[in-house]
Structures are given as C-alpha cells and as structure tokens.
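Biologist: Please take a close look at a single helix, at what covers it and at how far the model can be trusted, and then set it within the rest of the chain.

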Amino acid sequence: MLSAVADVFGDTSVRQVLWLVVCALGSSPFFFRIARGWRGLSLPWRLVAAGFAVRLLSDTVWTVEYVSGGNDAPFPSYNDVGFVASYVLLIAGLVLAGRQRRGQGRRMMLDALIVSAGFAVLDWVFLFHPYLHQSPLAGLGPILALIYPLCDLALFAATVKLLFSASARSPANRLVLLAVGAMLAANTVYFSNATATTRTVDVLDNGLWMVSYLLLGLAGLHPAMLWTARPGTNNRTPLSSRRTLAFAVATLIGPASLLGMAATTDADAWHAEEWRHLAVPALLSGALSVLLVVRLSLVARVAQHRSVELDRRTVELDQQARDLAEALEERTALEQQLRHHALHDPLTGLANRGLLAERMEWAFSRRDGAARHALLLIDLDGFKDVNDTLGHGSGDELLMEVAVRLRELAAPADTLARLGGDEFALFIEDVEPVQAAYLAERAREAIKAPLPVAGRTVYLSASIGLVQISDTRVTPQNALADADLALYAAKRAGRDRVTAYQPVMRTARETFTWVADGLRHALATEELAVHYQPVMDLATGRAVAVEALLRWTLSARGPVSPAQFIPVAEETGLIVPVGAWVLRRACTDARAWYERYGISLTVNVSGRQLAELDFADLVLRTLTDVGLPPEALILEITETVLIGSAEEGAGQALATLNRLREHGVRIAIDDFGTGYSSLSYLAQLPVDILKIDRSFVPAAEAASGDDHAFTRAVLQLGASRRLPAIAEGVETAEQADLLRDMGCPLAQGFLFARPGPVEVVAAELARTNGDRAGDDRPGGSPVGSGARR
C-alpha cells in the first residue's frame with residue numbers, strides 16, 4: 001500500500017509524512033479518550049499514555065529531521081531524547097499497572113524475569129553480538145544504539161509481568177499491550193537491520209509501528225475502561241499452563257540461539273575473543289537456571305503451604321463431618337423425642353388425644369365391613385378429693401398407678417390414652433360387644449381395688465362410657481363424643497358404673513344444649529316470668545302466702561316445663577342468676593300484697609344457690625332495695641339439700657340460713673317426707689315451716705285409717721316441734737276436709753287456685769281476702785308476717 005502511495009507522489013519524504021499522518025490519526029481516539037478521562041485515570045495508565053504521546057512526538061521530530069535532511073535523519077539526534085523518555089514512561093507505567101500483593105508481585109516479577117532472560121539470550125545472539133563486532137563502543141552513537149535494545153528488553157519484561165496480572169483481563173488493556181508488542185517487534189526488526197547494514201527504515205518495521213498506533217486507537221474506541229487491578233485480584237494458581245509454556249520457550253530459546261549462531265559461523269572464525277563473547281549467554285543461561293530454581297522453590301513452597309492448608313482443611317472437614325453426623329443423630333433423636341412428647345402424656349407415658357385419634361383413624365380407614373371396635377372413656381370418681389386432701393403430687397402418683405393397672409388390661413394392639421386430668425380412654429380394635437363390655441367391667445374393678453398413695457390407702461371408683469363402633473363412616477371425633485355422652489349418663493346415674501352409648505343419649509344432650517342456650521337468652525332478654533299460687537288457711541279460707549313459681553314460654557315452642565329446664569339450670573349453674581332474678585321480681589310483686597293483705601312470699605332456693613358465699617347478702621340486699629320486710633319472706637329448701645348440708649358439716653350453708661333467720665327470714669322444708677323426715681334433724685336444722693309433699697296428701701277414696709297414718713305422723717312430728725305444715729297438691733274439697741280434720745292448718749293446690757301471673761293472682765287475692773285488710777290482717781296466721789318459732 002505504501003509503495004502505491006509512493007508511486008503516486010514519487011518521493012520517500014511524502015511517504016514518511018503520510019505514515020506519520022496515518023499514525024497520528026489512527027491513535028487519536030486513544031489520546032482523545034485519555035484527555036477526556038484524565039482525572040479519573042490511574043497513575044500507571046497516565047504514564048503509559050504519556051509514553052505513547054512522547055513517542056509520537058519523537059516520531060514527528062524524526063520525520064521533520066528526515067525530510068529536512070534529504071531523506072536522511074541524523075543519529076544521534078534530539079528525537080532520541082524523546083524516544084528514551086518514552087521508554088522510561090512506558091516501563092514505569094506498565095510496572096506500576098501490574099502491582100499486586102507483596103507475595104504475588106514477587107512471583108510475577110520472577111516469572112517476567114525468567115521469560116525475559118530467555119529472550120535476552122536471543123537479543124545477544126542476533127542484536128548485541130553482531131553490533132559489537134561491527135561498531136566499537138566509542139562515542140555516544142554506539143552506546144545509544146545499545147541502550148535501545150536494552151530498553152526494549154526492559155519494556156518486554158514489564159509487558160510480560162503485566163500479562164501475568166489481572167489487568168490484562170480488560171479488552172482495552174489487552175489492545176494497549178498488543179500495541180506495545182507491535183512496537184517491540186518493529187524495534188527488533190529495525191535494530192536487527194541496523195546490525196547488518198545501516199540504520200534505515202523499511203516497509204516491515206514502519207508497518208509494525210503503524211500497527212502499534214492503530215491498536216492504540218482501537219483501545220480508545222473499545223467500550224471497556226482502562227483500569228488497573230486491585231492488589232490481590234490476580235489468579236492464585238501457583239503455576240498456570242500458560243506460564244509453564246512460556247518458561248519452556250524461554251528456556252529453549254537460549255540453547256537454540258547458540259546452536260543457530262554456531263551453525264551459521266565458520267568454525268575457523270572462532271578465536272579467543274569470540275569465545276569470550278559466549279560468557280554473556282552463559283551468564284544469562286545461568287541466571288535463567290537460577291531464576292527457574294527460585295521459581296520452582298516458590299512453587300514448592302506454595303504447594304507445601306497449600307498441602308498443609310489442605311491437610312488442615314481436611315482435618316477440619318472431617319471434624320465438621322463428624323460434628324454434622326452427631327448433630328444429625330441428635331436432631332433425629334430430638335425429633336423422635338419431640339414426636340413422642342407431642343403424641344404422649346408426659347406424666348403417664350400413655351398416648352394422648354392426638355395419637356388416639358391417629359390410631360382410631362387408621363383403624364377406621366381399613367374399611368372392613370366386619371370389623372368391630374370399641375372405645376372406653378374412663379373418669380375417676382373422687383379424684384378431686386385426693387388432690388385437695390393429699391396434694392397434687394399424690395394425685396399424680398395416683399394417676400400413674402391407675403395407668404399401670406389399665407395398661408395390664410390392654411392388649412398390645414389396643415391404644416390406652418390419657419386425655420387430661422383424671423380422664424382415660426381405651427380404644428380396642430376387632431372386639432365383640434360382649435368382650436368390650438367385659439373389659440370395661442374389669443377396668444372398673446381394677447380401679448376400685450385399694451390404691452397405695454403417699455403411705456396411705458385410697459379407694460376410688462370409675463364411671464365408664466362405652467361405645468361400640470361398627471359403622472366405618474364414623475370418625476374419631478364422633479366416637480369420642482358418643483363415649484362422652486355415655487360417660488355423662490354413667491355419672492348422672494350415680495357413678496361407679498359402665499354405661500353403654502344409646503342414640504337417645506345424643507337426643508337428650510341436644511335437648512340439654514338448646515335448653516341451656518335458650519335459658520341464657522331468656523334471662524338476657526327477660527323472656528322469663530314469675531307466676532304465683534296462693535297458700536290458703538283451711539280454717540278461714542283466706543290466702544296467707546303466695547309461692548313464686550318460675551315459668552318460661554317460647555314464642556315458637558310454647559311453654560317449657562319446669563321439670564325440663566330447672567335441672568338444666570341446676571347443672572349449668574344458671575340457677576344462680578335465674579334464682580336472683582326470680583327473688584327480686586317476686587319480692588317486687590309481693591310488696592303490694594304484703595302491705596294490703598299481710599301475706600307472705602315463699603321462694604324456692606336450690607342447693608347451688610345456697611352454696612354461694614354471698615347468698616345471704618344477696619337476699620338481704622334485695623329485700624332492702626324492694627322495701628319488703630324480711631319477715632314477709634319464706635325460703636323453701638328441699639329436705640335433701642338441707643339435711644345433706646348438716647351431714648357434711650357444711651358450716652357455710654347453715655351459717656347462711658342462721659344469718660337470714662336472725663334478720664327475720666323464715667325457712668321452710670319443701671317436699672317434706674320424701675327424704676329423711678327425722679325428728680333429730682328437725683331439732684338441729686334452722687326450720688320454721690314444713691311443706692308436706694303431694695304424695696302424702698290423703699285421697700278422699702282412701703277411707704282406711706292406715707292410709708292416712710303417715711300423713712298424721714308427719715303432722716304430729718311438726719306439731720311436736722311447733723312447726724306449722726302446708727299440704728301441697730290439694731285438688732278436691734274432700735282432701736281439704738280430711739286435712740282440716742287431721743289438724744293441718746294450711747294447704748295449696750288446684751282446689752284453691754292455679755299458678756297464674758301477677759294480675760290474675762291479684763284478682764284472686766281480692767276475692768278471697770276481700771276488704772279484710774288493715775288492722776284485722778291475719779298477723780296471727782301460722783305463716784303470716786311475724787309468725788315463726
């Protein structure tokens with residue numbers, strides 16, 4: 001291409017100027033990019049850029065001298081100062097650009113010296129040795145001619161060092177290094193020609209210099225940034241395959257060069273002076289060998305260090321593996337322990353509700369139509385007393401002993417569980433109903449046997465609910481619910497028994513549930529009502545008292561029988577708020593009747609109400625709020641509750657009754673005759689009135705004296721204690737006459753009036769008592785105001 005241009009212009013000066021213009025334009029992107037990013041450029045690359053800029057300036061000076069000198073540039077000249085300065089700048093920049101951590105920097109420098117030493121032998125054979133033969137070292141020119149190859153060798157070493165660093169990974173940096181390599185190749189060609197002929201520039205070296213500048217321009221156009229790697233980013237491999245290849249080439253270059261030199265030189269021409277010239281390549285080869293030994297020692301040291309590190313890491317990994325294995329074993333054991341704790345009772349070690357449900361679910365999932373299973377729900381009667389008297393520690397000991405006894409009865413395939421508190425469950429698979437019932441009885445007998453606890457012998461009983469399971473569609477939840485209903489029935493029947501589940505139990509429980517819920521709603525919305533039934537004086541035919549009776553009427557179902565909802569209220573505890581409501585409403589209604597007719601009010605009180613600590617305060621506060629005198633109130637308590645309190649030594653209940661009597665409130669025994677009816681009890685209890693149960697009221701058709709003997713005995717018992725009696729359930733005039741003849745003063749029943757609301761009773765009282773109010777009120781009636789023992 002240059003020859004074609006020369007033919008056009010016909011002058012080598014023009015060709016040289018054109019070369020300079022191409023080099024300047026080709027490298028301009030590099031210098032333009034350097035100028036724009038000068039502030040952000042690192043010092044090494046600033047030096048490299050300055051080195052190329054000084055070299056381009058020196059080429060310009062050389063071209064000017066070449067053209068002005070008639071196609072011949074003087075040597076040495078001013079441009080040589082620039083060329084030497086460019087070498088200094090390039091070498092310094094490349095050395096600094098390849099900086100690494102201390103240990104890595106030494107290894108890279110050593111690697112660069114090894115490669116450079118090999119190529120130094122090549123330079124000696126083909127550059128230095130021929131030049132020394134032709135030109136004696138006299139004057140500045142010959143010395144400067146030797147300085148250039150030495151600078152090239154130093155620049156080559158710096159370039160190799162940078163190639164071994166991480167900075168060479170940037171594409172832009174690689175282009176810069178290729179530019180340096182092209183320049184070194186051009187310099188080598190130029191100096192090689194100079195040793196053979198004269199210092200002239202030909203097409204090859206000029207072309208390589210142009211390629212160098214063009215590569216600089218490409219580096220400036222590349223989007224990658226010029227940068228230098230931080231210390232420690234170099235490859236940590238001790239000796240890569242590329243470096244090994246470079247070492248091999250460097251090692252073989254020296255001998256190959258010497259062999260080439262010997263082959264191209266006549267043996268007769270080797271004289272003593274020539275043999276002395278072999279000392280330099282010999283020294284270089286020796287230095288190369290020393291460098292290789294040092295490098296190999298470093299590799300060995302690194303290898304040994306890494307071997308030790310590997311051994312240490314191996315030991316650590318082995319220890320970590322053992323620790324991991326132990327941790328996995330501990331985790332497995334912990335998981336098993338947690339699963340056991342999650343599915344077993346911590347006190348007895350039996351299955352808990354979750355595991356029982358799993359076993360039942362598995363048994364039901366077999367879907368065997370002929371399979372029969374059974375579930376026992378066992379509750380300990382009297383366990384709470386043991387806890388209260390002996391302490392919870394003894395209670396836990398008792399539960400563990402019961403668990404041992406039940407475990408002895410259960411087969412390996414059965415599931416024995418503790419559901420909580422003193423409740424156990426036994427699920428029996430593939431069992432006939434007769435066998436299940438027999439096993440339930442054995443469990444009950446086992447628990448009834450004497451139990452040694454805390455150095456004492458304890459006796460317990462068990463209520464057991466039994467449910468037979470043959471329907472594969474049943475779920476564990478349904479089976480447990482049915483067993484719970486059977487257990488509830490066993491407790492209500494008197495405890496210490498086995499009760500099998502019947503479908504009617506579910507119906508009864510559902511009724512219980514809706515009655516309890518409805519009663520709560522009725523209490524909150526005041527759907528309840530109080531009716532009253534008069535108590536009549538058989539001698540005068542006047543009402544002396546009214547009994548308050550609770551009534552509940554649903555808009556959708558109609559009236560609900562007291563026999564249905566009163567037991568539910570007792571069991572759920574609703575009787576306490578319901579009883580308080582009845583007391584306040586009845587006292588409010590009876591106040592007017594007391595003030596007009598002097599009649600008293602009787603209100604039924606349950607044992608649950610009497611057990612409340614503040615019951616006496618409630619009664620007295622209600623009387624005060626309403627304005628009804630205490631002597632106008634009679635509390636009816638059943639014989640069983642009253643005498644049961646005395647037998648148990650329930651000082652609280654008796655203290656409550658005595659406190660109320662001290663304030664004027666009277667106490668009546670309701671349904672007298674159905675319980676103890678003992679004279680000794682009547683002497684001990686705080687009682688003012690007897691109410692004879694309707695079952696002992698004589699019938700008119702019972703003409704025999706023996707049929708009335710019990711009624712006479714009750715009346716005589718009350719008379720002996722000066723307790724007035726009220727006969728309940730009187731329905732005929734004949735019964736009233738018989739009672740009057742027996743000496744019974746008071747009676748109530750349908751004969752006189754049915755229970756009715758306050759308006760109806762008010763009208764009935766006006767009819768029976770008429771205008772007989774005021775001063776002639778029946779204050780002397782057995783149950784009139786102020787009449788008491």
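Modeller: Over residues 1-10 the pLDDT, which is the predictor's confidence in each residue on a scale from 0 to 100, stays under 50, and for this stretch the model has six contacts (heavy atoms within 4.5 Å) beyond four places in sequence. Residues 228-237 also stay under a pLDDT of 50, but for them the model has 31 contacts beyond four places in sequence. Across the chain the pLDDT averages 80, and 74% of the residues score at least 70. This is a predicted model, in which local features need a pLDDT of at least 70 and side-chain atom pairs count only at 80 or more, while totals for chains, interfaces and linings use all residues. Residues are numbered from 1 along each chain as its sequence is written, and side-chain values use heavy atoms, with hydrogens and water left out.

The chain has 27 helices and 16 strands, taken as DSSP runs (H or I of at least four residues for helices, E of at least two for strands) and numbered from the N terminus. The helix I would look at closely is α13, residues 383-390, whose buried residues are F383, V386 and N387; buried means under 20% relative accessible area, exposed over 50% and partly exposed in between, with a 1.4 Å probe and protein chains only. Seen down the axis of α13, these buried residues fall within an arc of 100°, so they line one face of the helix, the arc being that of the directions from the helix axis to the C-beta atoms. K384, D388 and T389, on the other side of α13, are exposed. The cover over the buried residues of α13 includes β1 (373-381), α14 (392-409) and β5 (456-458), and after the helix comes G391, whose phi is positive, near 100°.

As for the surroundings, 45% of the 789 residues of the chain count as buried. The largest nonpolar core (a set of buried Ala, Val, Leu, Ile, Met, Phe, Trp, Tyr and Cys residues joined through side-chain atoms within 4.5 Å) has 54 residues, and Y532, W552, W593, L601, L633 and L635 have the most contacts inside it. Helix α19 (residues 575-597) provides the largest share of this core, 11 residues. Apart from it lies another core, of 39 residues, including L20, A49, L94 and W209.

A residue elsewhere that also counts as buried, because its relative accessibility is 1%, is F52, which has its place in helix α3 (residues 43-68). Beyond four places in sequence, F52 touches F31, L90, V176, A179, V180, S212, Y213 and L216. Its C-alpha atom is 9.9 Å from that of F30, which is 22 residues away along the chain.

The UniProt record, an unreviewed entry, lists among its transmembrane regions residues 17-35; its positions are given in the numbering used here, feature names are shortened, and annotations may be inferred rather than shown by experiment. In the model, residues 17-35 are 100% helix and 0% strand, with end C-alpha atoms 25 Å apart. The same kind of record gives a coiled-coil region, again from an unreviewed entry, at residues 310-337, a span that is 100% helix and 0% strand with end C-alpha atoms 39 Å apart.
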